Amino acid sequence: MAFDGLTVAAITAQLDQKCTGGRIYKIAQPEKDALLITIKTASGGQERLFMSADASLPLVYLTKENRPSPMTAPTFCMLLRKHLQNGVIVSISQPDFERIIRITVEHYNEMGDLKRVTLLIEIMGKYSNIILIDEDNKILDSIKRVSGLVSSVREVLPGKDYFVPGAGEKANPLLTTKEEFSALIFDSETSGGLSKLLPKKFTGISSVSACMILAEAGIPADKDLSLLSMAEKESVLVAFKNTFIKVGSSHFSPAMYYAGGMIAEYSCLPLQGYERDEKYESMSELIETFYARKERITRIRQRSADLRQIVSTALERAVRKLQLQTKQMKDTENRDMYRVYGELLNTYGYQIRPGDKFLEVENYYDGKMVKIPLDETKTFSENSKKFFEKYNKQKRTFEALTEFIEQSAREVEHLKSVLAALDTAEGEGDLAQIRLELQDTGYIKKRAGEKKVKVTSKPLHFLSSDGFHIYVGKNNYQNEELTFKVASGGDWWFHVKKMPGSHVILKTEGKEVPDRAFEEAGALAAYYSSGADQGKVEIDYVKRKEIKKPAGGAPGFVVYYTNYSLIAIPNIGMLEKIND
């Protein structure tokens, strides 16, 4: 979900509960557009409030993490310390359901007079800002100054009046009555889908929250307003009012939602249509976790870009080579026909008359008539010899290509597994292990004097609902280690069928394994595979003792000749992850 009015409402409610009445203890500016404010709460505890006006990712949330600050505090930070430090927070609110949080603070100035100032955090994409205003609504300063040269709509400079552009043009959904809603939506001349109409008419509603309201009403998001029946209109109205009754009473349900095994959305209210959710105690915890995971995924993708390019280039080359070899193999399909032609000419060649361009005889292998083309300038024995030469040449090609195609197919499979491992990588240690594999297999040249990297990455470790330990390899070296060193013969081995993916080991410890444990291990094999974005995935599973590694096989490559199968959904929300 976007950082819309609903998200801001959930954060504001948490800040009001935790921080109102608290005293501002420390103020730091760890980044150019971000603040970290430490608050001694009225209950005797401590909270850290992080706020960022970064144009690409504006955020506000409570955090336990401290952040290093520059040796010399920036000018805006010094101003805040003058007006806010040791001040008491008297209120935290969200004006008119805008994407704004107002923190009003009482403090004593140098003269000993009690003053009130307000810190405003505007979460508005590239227009985001953090602004300090006085009791007369005058701007004292902002973390980003905006002059008339930058914006002709609103200057954000010391001494200017504070206002929000466009404020009041949309209705506040918290205050909207049934009659007002009908007038704005159903009685207007506007047409189109409600998922686009609701954000246009109401403050703080994003397209995602509009779709959430419509899903609760049972209305397709793209259904045209003009096609709604009276019953459907009533359902929309009821869903809208129910949503904002929850918001008004701070009845939030923070959760992260998954689709295709991957993080898809977060929301302060329940969303429908996702395969699973992960609930959180507070909106701050949810937002911090959501964006930390997103940031980690982005960072790992950036760090792995060079490896991904190397593997993708090698994979393209291997695929082209396999395609060429397959085409050449197709050209050898008639080799046995040439042998038969040669044999038939040796048997029936006496029937050929001078100038004949073909010989039609019975094929004694299948009893069918066959027409053999001839070079009329050659004798039947010379024609026969020509066909045997073609046969022998194509036979040699076929035998050589059979081995080459098998090698190329294994190379393609191996490189696809490395790409899948790059998608699974969670940290620098995982990338180092993948780089080592690419060096060992000749795709990356080792630099002279390069020291061997110490591998710190470990396989993933989960605990099933029934207490069984399950391990998941994040790359081919870990897959091999799990299968042939960690697993014993009686443990169960899982892998997605005919796709790149992790080896998953279910440790039995000599116990009887319930069906649920098999299903959860299968879900892990589906989740950590290239089929994670599919609704259901077929999984092969077999006792570890049935798994063999072919001589000379690539890392992680195994064979098995008997197995069981199950259909798994890439949903691992029921499993407990253990950090070893």
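Here are three short exercises with worked solutions on the structure above.

This is a predicted model, where local features need pLDDT of at least 70, side-chain atom pairs count only at pLDDT 80 or more, and totals for chains, interfaces and linings use all residues. Residues are numbered from 1 along each chain as its sequence is written, and side-chain values use heavy atoms, leaving out hydrogens and water.

**Exercise 1.** Decide whether Gln-29 is buried or exposed.

*Solution.* Start with its place: Gln-29 lies in strand E1 (residues 23-31), a strand being a DSSP run of at least two E residues. Next, take the relative accessible area of Gln-29, which is 6%. Buried means under 20%, exposed over 50%, and partly exposed in between (1.4 Å probe, protein chains only), so Gln-29 is buried.

**Exercise 2.** Classify Asp-161 in the same way, using its relative accessibility.

*Solution.* First, find Asp-161 in the loop between strand E9 (139-142) and helix H3 (178-184); a helix is a DSSP run of at least four H or I residues. Then read off its relative accessibility of 44%, so Asp-161 counts as partly exposed.

**Exercise 3.** Work out how helices H7 and H8 are oriented to each other.

*Solution.* Begin with the axes, which are lines fitted to C-alpha atoms over the stretch in contact, with angles running from 0 to 180 degrees between N-to-C directions. The axes of H7 (residues 283-303) and H8 (residues 305-330) come within 4 Å and cross at roughly 55°. Angles under 35 degrees count as roughly parallel, over 145 as roughly antiparallel, 65 to 115 as roughly perpendicular and the rest as oblique. H7 and H8 are therefore oblique to each other.
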